[in-house]
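Please open the model in your viewer and keep the selection tool at hand. The tour goes from one selection to the next and says what is to be found at each stop.

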Amino acid sequence: VIPGWFSEMSPMWPGEAHSLKVEKVLFQGKSDYQDVIVFQSATYGKVLVLDGVIQLTERDECAYQEMITHLPLCSIPNPKKVLVIGGGDGGVLREVARHTSVEQIDMCEIDKMVVDVSKQFFPDVAIGYEDPRVNLVIGDGVAFLKNAAEGSYDAVIVDSSDPIGPAKELFEKPFFQSVARALRPGGVVCTQAESLWLHMDIIEDIVSNCREIFKGSVNYAWTSVPTYPSGVIGFMLCSTEGPDVDFKHPLNPIDESSSKSNGPLKFYNAEIHSAAFCLPSFAKKVIESK
Ligand SMILES: NCCCN[C@H]1CC[C@H](N)CC1
């Protein structure tokens, strides 16, 4: 490693590595599940790294947290009960809390060290934990959903790391089946769905599993996050059989007054919501043909 530089290498993006200039390492630890590092970067603020993979930076986390949350929640009229799988940094909680219709936010995060480190080093992200509607469970999302009552959620958000390490099972068919069971008719799920530049094979498998399991609509959306591999990240948006969900045209705008509580929206808006579903031809061919 070049002195003072962090390079993000993984078998999931062979032959390439995004690098950030490191000013100071603020935390290094090893939880029961993964290596955890926080460093002060020269140009992206503080950075959270798990097993050598960038999870968030202060400068661009708004793009991911706002899109993964508002793409599903702005697509249904009145979300009340929301489940977050993963998301231990608290950023998705911060975004869900903007929705005044939401009454209960359950979260299941497997690694307590991620929660503690986020509260210590990323207070503007971990602010989500301060919302009284939040119930945090430290545990395995797969087990949590197996025990969830049928049809108990309006929305599930799967804010996972990559399918190498603790999040591996969150990309597999049985997990998607348990999500569908826990959703009410016309309920929605949004999952972290990797990069259309790097992972069309993974996306192809996820799409075909989702089309089998979710009998409402199944769509892939994507957005720009400079510090994620290839500079983009995708999302699977699925709804269960029941009241129609048109993900491409948001019907439930975020209540402006509630947005102020956790600072202004920096990235999401209704136009970029619809634009997120426009795909390059090479991806359309795979995703829309499954
Ligand atoms: N809430 C933290 C974001 C986790 N999602 C990331 C997507 C891109 C991956 N390479 C790493 C995890």
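**The sheet and its helix**

Begin by selecting strands S1 and S2 (residues 18-30), which run antiparallel and are joined by four bridges; the model you are looking at is a predicted one. Within this pair, pick out Ser-7, which stands opposite Ser-19 in S2.

Now widen the selection to the whole sheet, an open one of five strands in the order S1-S2-S3-S4-S5, with antiparallel pairing. Strand S1 (5-8) and strand S5 (53-57) are at its edges, and each has a single partner strand, so one side of each is left without a neighbour in the sheet. If you look along the sheet, the twist from one strand to the next averages 45°. Add helix H3 (residues 112-121), which packs on the sheet and touches S2, strand S3 (35-41) and strand S4 (46-50), its direction making about 115° with that of S2.

**Salt bridges**

Stay with H3 and show the side chains of Asp-116 and Lys-112, which form a salt bridge whose closest N and O atoms are 2.8 Å apart. The two residues are four apart in helix H3, and are therefore separated by about one helical turn. Asp-116 is partly exposed, at 37% relative accessible area, and Lys-112 is likewise partly exposed, at 46%.

Next select Arg-184 and Asp-154, whose salt bridge has its closest N and O atoms 2.5 Å apart. Arg-184 belongs to strand S10 (residues 183-192) and Asp-154 to strand S9 (residues 153-159), so this pair ties together parts that are 30 residues apart in sequence. Arg-184 is partly exposed, with a relative accessible area of 21%, whereas Asp-154 is buried, with 11%.

From there, select Glu-61, Arg-94, Glu-95 and Arg-98, which are joined into one network by salt bridges that share partners. In the bridge between Glu-95 and Arg-94, the side chains meet at 2.8 Å, N to O; Glu-95 is buried, with a relative accessible area of 0%, and Arg-94 counts as buried at 6%. Across the whole structure, a search finds eleven salt bridges.

**Two packed helices**

For the last stop, select helix H6 (residues 173-182) and helix H7 (residues 200-213), which pack at an angle of about 35° with their axes 10 Å apart. H6 passes H7 in a right-handed crossing. To see the contact, show Lys-173, Phe-176, Gln-177 and Ala-180 of H6 together with Ile-206, Asn-209, Cys-210, Glu-212 and Ile-213 of H7; by class, this contact has five nonpolar, two polar and two charged residues.

Conventions:
Residues numbered from 1 in each chain as written. Predicted model: local features only at pLDDT ≥ 70, side-chain atom pairs only at ≥ 80, totals over all residues. Heavy atoms only, no water. Axes fitted to C-alpha atoms, helices over the stretch in contact; angles between N-to-C directions. Left-handed = near helix turned anticlockwise from the far one by under 90°. Contact = heavy atoms within 4.5 Å. Nonpolar A, V, L, I, M, F, W, Y, C, P; charged D, E, K, R; others polar. Pairing = 2+ DSSP bridges. Salt bridge = Lys/Arg side-chain N within 4 Å of Asp/Glu carboxyl O. Buried < 20%, exposed > 50% of the residue type's maximum accessible area, 1.4 Å probe, protein only.
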